[in-house]
Amino acid sequence: MGRHNRKCYSGILNHCYQNTFDGKLVFYSVSDFLVYFTIFCVIVPRYKTRVLGLTLMYDHIHKSMVADSRRELYRCSQNVTSVFVKEHNKTLGRKGPLFRKPFGSVPKYSDKKARSNLIYLANNPVERYIVELAEQYRWNFLAYYNNNHPFSEPISKHSASRHLLWAISIVNKKHSNSEYLTNSLLRTLFKKLKKAEKEQLTDYIISKYNIIDYEAAIRFWGSYEKMLTAIHSTTGDEHDLNEVFIGKRDDVYPKMTSIILKTGKYKDIHEIVSLPADQKIELFNFLFGKTSAQAEQIAKYLHMKRT
C-alpha cells in the first residue's frame, strides 16, 4: 500500500502493521521491547495521533491508532520506525532497512470493526501460543490499564536496593527530558539488579512512558471487564490483513534464546545475528536438535537467508 493510496479519515481507528523483510526476528530481549516502546511513546505525542492499542510480537508489530489526517499518521509511523531501526541496527551490528516499506494500514469505519481489531491485537500472542490469556502477555500492554506493576511486586523505596533506586532515577530523568531508552543504557540499568528487581524496573518503565489511551479503547465495550470478556470469548479477525505465519507457535523464540544463553558462549543474545555463516549453520543445527521450532523459524531467528 503506497503512501498516496493510504486511506485515513479523521477520528477513525486505523490498524497499522509492520512486518520485517523475510520475517526476520525483531525482539530478542526485554530491552528490545522497551527500546521500541519508549521510542514509540516519546515520538507519537508530537503528532495529532492517539494510540488505542499496541502489540509487539517477536517478528512484527500491530498498532490501533486514530489520527487527524493521513499525513499525521504517515509521519508519525515513519518517524518511530526510522529512529527504532537506527537504534536496533546499532544493537545488532547490522545495516539497512528492517521492515517492509511502507507500513500497512487499514481504516476501521464502524465500532464493530474497531472492536474486532482491538480484540485481534490483544489476542495475537494467544493465537501464537505464547500465553493462555491476552492480559498475560506483557507486550500488548493490556494488563497496564489499571495496574502499574502487573508482572512484579510494588516497589518500596524503603526496601529497594540502591541499584534499583538509581535505575529508577535515570528512567525518570530520561522521561522528563522526553528521551527514549537505548539498549546500551538498559543493559547498564539492569546489570546489577536481581531477577525480581528487573521485573519491577520493566513494569516501572512501561508505566512511566505509557501513552495508550485505554479509556478510548474501553468505550467500545463500556468497561474494562466487558472488554476482557470479549477478548476471552473470540479471537477477533482481520479480513483486510492476510497475515502469513511460519509454524504454529511463537513461544519457540524465547525458548531458543534461553537455550543459547545457557551455553555460556554469548554474553549478549544479539551477537548471534552477526555470526559468520559457518557458525550460524552450526547454531542452526544445534537449535534444530534442541527445540520444536521449524527450520524456517530458526532461520528467521538467526537472520539467515532463506533458500
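This short talk covers how two helices pack in this predicted model, the nonpolar core, and one buried glutamate.

Before I start, the model is predicted, with local features needing pLDDT of at least 70, side-chain atom pairs counting only at pLDDT 80 or more, and totals for chains, interfaces and linings using all residues. Residues are numbered from 1 along each chain as its sequence is written, and side-chain values use heavy atoms, with hydrogens and water left out.

Let me begin with helix H1, residues 30–43, and helix H2, residues 70–92, which pack at an angle of about 145 degrees with their axes 10 Å apart; helices here are DSSP runs of H or I with at least four residues, numbered from the N terminus, and the axes are lines fitted to C-alpha atoms over the stretch in contact, with angles from 0 to 180 degrees between N-to-C directions. On the H1 side, Asp32, Val35, Tyr36, Ile39, Phe40 and Ile43 meet Cys76, Asn79, Val80, Val83, Phe84 and Glu87 of H2, where contact means heavy atoms within 4.5 Å.

Glu87, in helix H2, is buried, with a relative accessible area of 4%, and buried means under 20% with a 1.4 Å probe, protein chains only. Not counting residues up to four places away in sequence, Glu87 touches Val35, Tyr180, Thr182 and Asn183.

Turning to the largest nonpolar core, a set of buried Ala, Val, Leu, Ile, Met, Phe, Trp, Tyr and Cys residues joined through side-chain atoms within 4.5 Å, there are 94 residues, of which Leu54, Phe141, Leu201, Ile272 and Tyr301 touch the most other members. H1 gives the most to this core, with 10 residues. Leaving aside neighbours within four places in sequence, Tyr301 has contacts that include Leu25, Tyr28, Ile272 and Leu287.

Definitions and conventions
Buried < 20%, exposed > 50% of the residue type's maximum accessible area, 1.4 Å probe, protein only.
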